[in-house]
Amino acid sequence: MQTLERCCAQAICLQERTMETTLVLIKPGGVNRRLIGEIIRRIEARDLTVVGLKLVRPNRALVEEHYAEHRGKGFFDDVVNYLTSGRVVAMAVEGVNAIQAVRTMMGATNPLEATPGSVRGDLALSIDDNLTHSSSDADAAAREVKLWFSEGLPK
Ligand code: ATP
Ligand code: MG
């Protein structure tokens, strides 16, 4: 027991605090339901900083590139059709351990499994309309921020 407690304490101490930038999208359903303000409010209330922000109507090529890891899966066409069906808010969000923090805030992919208190757990019901995207890891975050903000982030 003592050893376990020591290990746990050490694990907490050793948890890295890394300044990260992650990509967040508010999908067409979130924009149509006028949830832009609510979602950004939650991000900023968490002490994360919006360092890039725009409203775009993404084309198919951009969305297919964004979801390239899912090409060939049964839901690929549906998810691409959904993302290209209307306006999307693209945001670069910066903060300590921002990638994991934002993923946790957004909740599980399937809103039925998302924890109450998360965006999907509070505001969504369907996996086809789960309101937001957020980068899954550091490599994805770097790739996705570059893809959606090819012009670079404002200084
Ligand atoms: P996102 O990438 O949009 O943030 P995620 O990382 O939680 O979501 P992914 O596995 O990357 O989940 O799936 C991308 C999107 O594809 C999901 O947001 C969802 O809309 C759709 N999707 C994923 N899995 C399924 C599934 N089993 N059935 C239907 N749609 C799915
Ligand atoms: Mg994903």
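Two residues count as in contact if their C-beta atoms, placed from the backbone, lie within 7 Å. By that yardstick Val24 touches Ile43, Met91, Val93, Val102, Thr132, His133 and Ser134, leaving out residues up to four places away in sequence. Heads-up: this is a predicted model, where local features need pLDDT of at least 70, side-chain atom pairs count only at pLDDT 80 or more, and totals for chains, interfaces and linings use all residues. Residues are numbered from 1 along each chain as its sequence is written, while chains are lettered from A and ligands numbered from 1 in the order in which they are written.

**Sheet**
- Four strands (DSSP E runs of at least two residues, numbered from the N terminus) make an open sheet ordered β2-β3-β1-β4, with antiparallel pairing (at least two DSSP bridges between two strands).
- β2 (49–56) and β4 (132–134) sit at the edges with a single partner strand each, so one side of each has no neighbour in the sheet.
- Between β2 and β3 (residues 88–96) there are seven antiparallel bridges, and Thr49 has Glu94 as its bridge partner in β3.

**Core**
- The largest nonpolar core (buried Ala, Val, Leu, Ile, Met, Phe, Trp, Tyr and Cys joined through C-beta atoms within 7 Å; buried means 20 or more other C-beta atoms within 10 Å of a residue's own) has 28 residues, and Leu23, Val24, Leu25, Ile26, Val93 and Val102 touch the most other members.
- β3 gives the most to this core, with six residues.

**Ligand 1**
- Around ligand 1 (C-beta, placed from the backbone, within 6 Å of it) are residues including His70, Phe75, Asn130 and His133.

Notes:
A residue is buried if 20 or more other C-beta atoms lie within 10 Å of its own, exposed if 12 or fewer, and partly exposed in between; C-beta atoms are placed from the backbone.
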